[in-house]
Amino acid sequence: MDAAGHICSFPGIKLADTMLNGPNKKTGGGRAAKKFANSRAVRRCALVASAEVTELSSGTRLSARTSEVGLGGCYVDALNPFAVGAQVKLRIVRDQGVFEAKAKVVYSDLSFGMGMSFTEMAPEQRAILENWLEEMVLQLRPVAQ
């Protein structure tokens with residue numbers, strides 16, 4: 001973690017090399033996902049986990065799964081994604097716990113999914129997310145021989 005509290009690198013491994021949106025990324029999803037991958041302020045890690053997304057204005061709930069997660073947002077695979085601009089509550093469930101945050105849909109690809117930017121996150125939820133990201137990076141560390 002750097003001085004600003006961001007997960008950035010670990011000895012012997014660069015976080016950028018483990019991210020889905022690095023220079024060699026093969027972007028999932030549709031055209032919108034590819035367009036936004038290059039403009040993200042925060043990198044994302046591959047994380048497949050169960051997700052529940054609830055649109056705040058209507059209460060409509062969608063069961064889906066994540067494919068990428070970062071400190072700034074995530075991508076959720078869904079056959080019927082919410083529209084761009086929708087305000088949602090996101091709940092991601094893994095064996096290691098549950099992460100919850102409010103988010104805004106920033107791009108949506110019909111029949112593929114939606115990219116979301118986190119808009120509100122409690123400090124304890126941010127800590128959970130940071131721990132998950134750190135865990136994923138450490139799992140990718142080359143094994144010493």
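Cys45 counts as buried in this predicted model, because its relative accessibility is 4%, under the 20% cut-off. Cys74 is buried too, because its relative accessibility is 0%, again under 20%. Where do the cysteines leave us on disulfides, and how many does the count come to? The count comes to 0 disulfides. For readers new to the term, a disulfide is a covalent bond between the sulfur atoms of two cysteines.

**The overall picture**

- Welcome to a protein with 3 helices and 8 strands.
- Starting at the N terminus, the order of its elements is β-β-α-α-β-β-β-β-β-β-α.
- The protein has 145 residues, and 41% of them count as buried.
- If you take the contacts between residues at least 6 apart in sequence, 56% of them join residues at least 24 apart.
- About 8200 Å² of the protein is exposed, and carbon and sulfur atoms supply 51% of that area.

**A look at Thr66**

- To find Thr66, go to strand 4, which covers residues 61-69.
- Is Thr66 buried or exposed? Thr66 is buried, because its relative accessible area is 0%, under the 20% cut-off.
- Which backbone oxygen does the side chain of Thr66 reach? The partner is the backbone oxygen of Leu47, at 2.7 Å.
- Leu47 also appears among the residues that Thr66 touches, leaving aside those up to four places away in sequence.
- Other residues in that set include Val48, Ala49 and Ala51, along with Tyr75, Val76, Asp77 and Ile92.

**Strand 8 and its partners**

- Strand 8, residues 113-120, pairs with strand 5, residues 73-77, in the antiparallel sense over 5 bridges.
- Within the pairing of these strands, you can look for Gly73, which stands opposite Ser117 in strand 8.
- Strand 7, residues 97-109, also pairs with strand 8 in the antiparallel sense, here over 7 bridges.
- A handy place to see strand 8 facing a partner is Gly115, which has Tyr107 opposite.

**The hairpin turn**

- What do strand 7 and strand 8 form, and how many residues lie between them? They form a hairpin, with 3 residues between the two strands.
- Ser111 sits in the turn of this hairpin and has a positive phi of about 70 degrees.

Key
Residues are numbered from 1 along each chain as its sequence is written. This is a predicted model: local features need pLDDT of at least 70, side-chain atom pairs count only at pLDDT 80 or more; totals for chains, interfaces and linings use all residues. Side-chain values use heavy atoms; hydrogens and water are left out. Helices (H or I, at least four residues) and strands (E, at least two) are DSSP runs, numbered from the N terminus. Buried means under 20% relative accessible area, exposed over 50%, partly exposed in between (1.4 Å probe, protein chains only). Contact means heavy atoms within 4.5 Å. Accessible areas come from the Shrake-Rupley method with a 1.4 Å probe; for residues, only the protein chains shown count as cover. A disulfide is a pair of cysteine sulfur atoms within 2.5 Å. A polar contact is a pair of N or O atoms within 3.5 Å; within protein, one must be able to donate a hydrogen and the other to accept it, and residues adjacent in sequence count only if both atoms are side-chain atoms. Two strands pair if DSSP finds at least two bridges between them.
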